[in-house]
Amino acid sequence: MDVRLRYTGGKEYDVSEDFIESISEIEFPTALLIARTIGDSWVELPKNNLVSHVLGGVVTRGNENITFAIELVKMKDDFILLTDIKLISMDEYLDLINLNLYIKTDEHQHTEDNSTKEHS
């Protein structure tokens, strides 16, 4: 598995080729909002490189809430390996919230702003 190291604001993420392939299939403005959400989040997972975890997230684009799930593994030295991403239904997202398996950010959610609209 080929992995690339990403550094965002004091957090380090390893991104697998599968993750890159999956996010590239999502419409660019939405993928950009999701990437910002992940970059602004903090993840509390047990250190266990044998177990993957799924977390839900939501971004707002226009008047639409777009829900997604990421699969990740917490590696040694607190690196997080992002292994997959997919868009999910609101019901699936709410199920993840009920299980306390959702992305927690400084901002409650990301919305499309002027810089994102320029790229669409």
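**Exercise 1. Determine how β4 and β5 are connected, and which residue in the turn has a positive phi.**

Step 1. Strands β4 and β5 form a hairpin, with two residues between them. Helices (H or I, at least four residues) and strands (E, at least two) are DSSP runs, numbered from the N terminus.

Step 2. In the turn, glycine 62 has a positive phi of about 65°.

Step 3. The model is predicted: local features need pLDDT of at least 70 and side-chain atom pairs count only at pLDDT 80 or more, while totals for chains, interfaces and linings use all residues. Residues are numbered from 1 along each chain as its sequence is written, and side-chain values use heavy atoms, with hydrogens and water left out.

Step 4. The pairing of β4 (residues 53-61) with β5 (residues 64-74) is antiparallel and runs over nine bridges; two strands pair if DSSP finds at least two bridges between them. Within this pairing, glycine 56 stands opposite alanine 69 of β5.

Step 5. Eight of the nine residues in β4 are buried, where buried means under 20% relative accessible area, exposed over 50%, and partly exposed in between (1.4 Å probe, protein chains only).

**Exercise 2. Identify which side chain meets arginine 61 in a salt bridge, and state what the pair ties together.**

Step 1. The structure holds one salt bridge, defined as a side-chain nitrogen of Lys or Arg within 4 Å of a carboxyl oxygen of Asp or Glu.

Step 2. The partner of arginine 61 is glutamate 27, at 2.1 Å from N to O.

Step 3. Arginine 61 belongs to β4 and glutamate 27 to the loop between α1 (17-24) and α2 (28-39), so the bridge ties together parts that are 34 residues apart in sequence.

Step 4. Glutamate 27 is partly exposed, its relative accessible area being 47%.

**Exercise 3. Describe the largest nonpolar core and the contacts of leucine 82.**

Step 1. A nonpolar core is a set of buried Ala, Val, Leu, Ile, Met, Phe, Trp, Tyr and Cys residues joined through side-chain atoms within 4.5 Å. The largest one has 21 residues, and those with the most contacts inside it are Phe19, Ile38, Ile70, Leu72, Leu82 and Ile85.

Step 2. Two or more residues of this core come from each of β2 (11-16), α1, α2, β4, β5 and β6 (80-87).

Step 3. With neighbours within four places in sequence left aside, leucine 82 has contacts (heavy atoms within 4.5 Å) that include Tyr13, Val15, Phe19, Ile38, Ile70 and Leu72.

Step 4. Another core, of five residues, lies apart from it; Val58, Ala69, Tyr93 and Leu96 are among its members.

**Exercise 4. Classify leucine 94, phenylalanine 79 and asparagine 100 as buried, partly exposed or exposed, and locate each.**

Step 1. Leucine 94 lies in helix α3 (residues 90-98) and is partly exposed at 41% relative accessible area.

Step 2. Phenylalanine 79 occupies the loop between β5 and β6; with a relative accessible area of 24%, phenylalanine 79 is partly exposed. Its C-alpha is 6.8 Å from that of aspartate 14, although the two are 65 residues apart in sequence.

Step 3. Asparagine 100 is located in the loop between α3 and β7 (104-105), and its relative accessibility of 47% makes it partly exposed. Although asparagine 100 is not a glycine, its phi is positive, about 60°.
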